[in-house]
Amino acid sequence: MEKIVAELTEKAREIRRHIVRMVAEAGSGHPGGSLSAADIVTALYFNQMRLDPVRPDWPDRDRFVLSKGHAAPVLYAALAERGYFPVAELSTLRKLGSRLQGHPDMRKLPGVEMSTGSLGQGLSAANGMALAARLDGRDYRVYALLGDGECQEGQVWEAAMAAAHYALENLTAIVDFNGLQIDGPVSEVMSTEPLPDKWRAFGWHVLEIDGHDFGQILPALEKARSAGGRPTAIVARTVKGKGVSFMEHGVDWHGVAPKGDQVAQALAELA
Amino acid sequence: MQKIATREAYGKALVELGTGNPDIVVLDADLAKSTRTIEFKKRFPHRFFDLGVAEANMVGTAAGLAAAGKIPFCSTFAVFAAGRAFDQIRQSVAYPRLNVKIAASHAGITVGEDGASHQSVEDVALMRVLPNMTVFVPADAVETAGAVRAAVDIDGPVYIRLGRAGVPVLHGDDFKFVPGQAVTLRQGLDATIIASGFMVGQALQAADLLAAEGIEAGVLNIHTIKPLDVQAVVDAAQRTGFIVTAEEHSIIGGLGSAVAETLAEHYPVPMLRVGLQDVFGESGRPDELLQKYGLTPDDIVNAVQKLL
Ligand SMILES: Cc1ncc(C[n+]2csc(CCOP(=O)(O)OP(=O)(O)O)c2C)c(N)n1
Ligand SMILES: [Mg+2]
C-alpha cells in the first residue's frame, strides 16, 4: 500500500505540473478545480479503473464522466499520462483545431466519455451508462466527478433520485468538495450543506473522505464496489488550487491562468 | 376517413421496431399513457425506464444510454421536451451527436383544454436551430411509423413531433418515408400550399375549397423540417409564383421560417405564413382554437386568395 501511495503521489504531482503548464500556455482555463481533483482523478486512472488506452471504445471499459467539465485540464493530463494521446499534445489546450477543447468533447478526444461543460448534466449521463451496463450484462463501473457548487443544479438531484431508484450499484459519484465556486464560498453563495446527508436522504451509500489522502481515496473507491444495491457518493473534502501555495483556497484562481513568475513558482513547488 | 393520432402510431411503431431491435430502449417522464410509450412498457418492461417528472434527467440519461450503444427514445409532451430540457438536448445530445431520439407528443394547440402551458408552439424552432439535429413532423400514422423507423436508421439525434388529436390517414401502406424528401399530395399550377403535421389535412381541405372556385392549388407535405427539401420548395415557387405555408406552430422559427429562408436565398417569391401569429394558445376545444387562431382550411384559402 505504501509503495502504491508513493507512486500515485508522484503521478498526481506530475499531473498537477501538466495542469499548471497547459493552462499557462493556453492563457486561460480553470486551474483551481483541476488541482483540487488531481488526486481523485489520479486514483481512478492509475489505480482503480479498468481501461485499455489503445482501445478507447472497448465495451467493457470503466467509464469516467467529468461532470464538472471546466476541470478538463486534469482529465486531459490523466488521459495523456495514461497513453490515450501524446503528452506533447497537452500544450494545444484551447487552441484552434485542438482536440483538447476548453471543455471535454467526446467526439474529438479519445478517452473522453461524455461532452460536458454545462454543469449539472454529467450524473444523468453516468446513470444512462450504468443502466446500459446492466441491460448488456456487463460488469463495468461508471464514475462521475461533480463540483460542490455544481450540486446546486436541480438536475443533479433528479439524477440522484433516479440512480437510487434504479439501484445503480455500479455507479460512483464523487463530489470534489473544495468549498468554493465562482462567486465565493459555496456556504455563502448557496449552501449545499449538509451535503452528505442530502445524498444519504436520496438513498445513496455515502462515504466522506479527505480527497487528497490516497489512504482514504483508495479504500473508499474499493468500498463503493460492494454497496449492496445502492449507488455510492464519495464526498471528498479538498482544497481548491491544491499543491500551488498561492492558489490554495483562492476563489480567484477558479478560472484564471498563471503567468510568468507565477508559473515558475508553481512548478517549483510541484517539483 | 379514418383518423389516428400520430402519438398512437408512435406507440405502435415503437413496439414493432423494439421487437426486432434489442438496442431500442424507451424513456418517459410520467406521461407514458399520454405519449403512448406505455405500449412499449407493456411489451418490454426491462427496456423501459420511467424517470418521473424530471425531463432534464431523462434526456441526460438517454445520452448516457446512447453513449453506451443503446438507441433511446425519450418521450414527454413537446413543451417539456424541447422547452424544459432544451439545454440537456443541446449539451448532452446534439453537441456530442449522440444517438438519442426525442419523440414529443401533444405539440401545438390541438392539445385543447389544457391550455397554453401545455401547447407547444415553439418546439420546432428550438430543435431546428440545433446543429446535428434532424426534425420530423409527420402528418399521419403512416408517416409517423416511417419517421420512427428512419430515426432508428439515422445515427444521431432526431426530434419527432407528435400530436394528441386524431388526424386523417393520408397514405397507403405502400408509402415510403424518405427523410428530407417532401411529398406532393396534390398537383396544382395556380398556387402552392406547403404544410406540415396536423396542417397537412387542413391544407388538403383548403385545396378542395379552392378547386371549387376553379383554383388549382398544389399541396406539398414537408414531414422533414430539417434537412429541408430545398429543391421541392424552389420548384414549387417556380411553378406557381407564390407560396403559402401552414403549420400548427408559431410562424416564427418553424416551417414558415424554413421555407422563407430558402426562398429568400434561392428564388424569392411572395409568401404568407399560416400559423400561430406570435401568440400563445389558450384553453378550448381543438376546433374552437383552430378557428380562433386562424388555422382552418378557410384561413389557408384566404391566404392563397390574397396572393393570387
Ligand atoms: C449550467 C452552468 N452554469 C454556469 C456555469 C459557469 N461555471 C463554470 S464553473 C462554475 C462554478 C462551479 O463550482 P464548483 O462546482 O464548486 O466547481 P469547482 O470548485 O470544483 O471548480 C460555474 C458557475 C456552467 N459551466 N454551467
Ligand atoms: Mg467547488
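**Helix α5 of chain A and the contact between chains A and B**

Immediately after α5(A), A:Gly137 adopts a positive phi of about 65°. The model is predicted, and the values reported here are computed from it. The helix that precedes A:Gly137 comprises residues 122–136 of chain A. With 15 residues at 1.5 Å a residue, α5(A) should span 21 Å, and its end C-alpha atoms are indeed 21 Å apart, so the expected and modelled values agree. The helix is mostly covered, as twelve of its 15 residues are buried. The buried positions are A:Gly122, A:Leu123, A:Ser124, A:Ala125, A:Ala126, A:Asn127, A:Gly128, A:Met129, A:Ala130, A:Leu131, A:Ala132 and A:Ala133.

A:Asp136, within the residue range of α5(A), takes part in the contact with the other chain: its side chain meets that of B:Lys70 in a salt bridge, with an N to O distance of 2.5 Å. Across the interface of chain B and chain A, one salt bridge is found by the rule applied. Polar contacts across the interface of chain B and chain A amount to 13 residue pairs, with both residues at pLDDT 80 or more. On the side of chain B that touches chain A, at least two residues each are supplied by β3 (48–50), α4 (55–67) and α6 (86–94) of chain B. Of the elements of chain B, α4(B) gives the most to this side, with nine residues. By residue class, the side of chain B that touches chain A consists of twelve nonpolar, eight polar and six charged residues.

In total, 26 residues from chain B and 24 residues from chain A enter the contact. The two chains bury about 2,000 Å² between them, and 57% of this area lies on carbon and sulfur atoms. Within chain B, the residues that lose the most area to chain A are B:Phe49, B:Asn57 and B:Tyr95, which together account for 24% of what that side buries. B:Phe49 falls within the range of β3 and B:Asn57 within that of α4 of chain B.

Three individual residues were also examined. In chain A, A:Ala38 lies in helix α3 (residues 38–48). A:Ala38 has a relative accessible area of 0% and is therefore buried, the cut-off being under 20%. Apart from residues up to four places away in sequence, A:Ala38 touches A:Ala12, A:Ile15, A:Arg16 and A:Val74. A:Val244 is 206 residues from A:Ala38 in sequence, while their C-alpha atoms are 12 Å apart in space.

A:Glu25 belongs to helix α1 of chain A (residues 2–26). Its relative accessible area is 45%, so A:Glu25 is classed as partly exposed. When neighbours within four places in sequence are left aside, A:Glu25 is in contact with A:Ser91 and A:Lys95. The C-alpha atoms of A:Glu25 and A:Val263 are separated by 9.8 Å, although the two residues are 238 residues apart along the chain.

In chain B, B:Thr134 is part of strand β6 (residues 134–136). B:Thr134 is buried, because its relative accessible area of 11% is under 20%. Beyond its neighbours within four places in sequence, B:Thr134 is in contact with B:Ile154, B:Pro157, B:Val158 and B:Tyr159, and also with B:Lys226 and B:Pro227.

Notes:
Residues numbered from 1 in each chain as written. Chains lettered and ligands numbered in written order. Predicted model: local features only at pLDDT ≥ 70, side-chain atom pairs only at ≥ 80, totals over all residues. Heavy atoms only, no water. Contact = heavy atoms within 4.5 Å. Buried area = accessible area lost by both parts, 1.4 Å probe. Salt bridge = Lys/Arg side-chain N within 4 Å of Asp/Glu carboxyl O. Polar contact = N/O pair within 3.5 Å; in protein donor to acceptor, adjacent residues only side chain to side chain. Helix = DSSP H or I, 4+ residues; strand = E, 2+ residues; numbered from the N terminus. Nonpolar A, V, L, I, M, F, W, Y, C, P; charged D, E, K, R; others polar. Expected span 1.5 Å × (residues − 1). Buried < 20%, exposed > 50% of the residue type's maximum accessible area, 1.4 Å probe, protein only.
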